[in-house]
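Reader: I have a new model open on my screen and would love some help finding my way around. Could we go through it together?

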Amino acid sequence: MATARTSYVCLACRASYKQPYDRTRQRSCPRCAEPLIHAGSAFAPPRRRDTAAWRTLTVLLNAGVGFHKSCCGGPGYRPRTLREVRERMTYAERSGEPVARALVRYNVP
């Protein structure tokens, strides 16, 4: 029987690796030996040369937002541009809402 595979990301190398999920094991990047970040099974990496998308992804992963499948499909809304990230971060500051929750809001009031 095949094991479930999930994505791990190295932000420094802009690389993504699909590996079996193991909560107890710390993964490291094969290129730079930095620790990998667990991104989730519904993660689709941007192209390596798309620096704006990788900056957006860096903010999301460092805030604790993952790309995990829900019961009815994908991970839900995730901002794709730095402008969307800035709008949600500003909203989080003004409203007092946690940053991770504000980043996954579809509409910002």
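Reader: Which residues does Thr56 touch, leaving out those up to four places away in sequence?

Author: Happy to help, and please keep in mind that this is a predicted model. Thr56 itself sits in helix α1, which covers residues 51-62. Leaving out residues up to four places away in sequence, the partners that Thr56 touches are Pro79, Arg80, Thr81, Leu82 and Val85.

Reader: Does Thr56 count as buried or exposed?

Author: The cut-off for buried is under 20% relative accessible area. Thr56 has a relative accessibility of 2%, so Thr56 counts as buried.

Reader: In what pattern do the helices and strands follow along the sequence?

Author: There are three helices and three strands in the protein. Reading along the sequence, you meet them in the pattern β-β-β-α-α-α.

Reader: What share of the contacts with a separation of 6 or more comes from residues 24 or more positions apart?

Author: A contact here means heavy atoms within 4.5 Å. Taking the contacts in the protein with a separation of 6 or more, residues 24 or more positions apart account for 45%.

Reader: What part of the exposed area do carbon and sulfur atoms supply?

Author: Of the 109 residues in the protein, 31% are buried. The protein exposes about 7300 Å², and the part supplied by carbon and sulfur atoms is 50%.

Reader: How far apart are the mean positions of the positive and negative charges?

Author: The protein carries 20 positive and 7 negative charges. Its C-alpha trace spans about 45 × 30 × 25 Å along the principal axes. The distance between the mean positions of the two kinds of charge is 7 Å.

Key
Residues numbered from 1 in each chain as written. Predicted model: local features only at pLDDT ≥ 70, side-chain atom pairs only at ≥ 80, totals over all residues. Heavy atoms only, no water. Helix = DSSP H or I, 4+ residues; strand = E, 2+ residues; numbered from the N terminus. Buried < 20%, exposed > 50% of the residue type's maximum accessible area, 1.4 Å probe, protein only. Areas by Shrake-Rupley, 256 points an atom, 1.4 Å probe, with all protein chains shown as cover. Lys, Arg positive; Asp, Glu negative; His and termini not counted. Charge placed at Lys NZ, Arg CZ, Asp CG, Glu CD.
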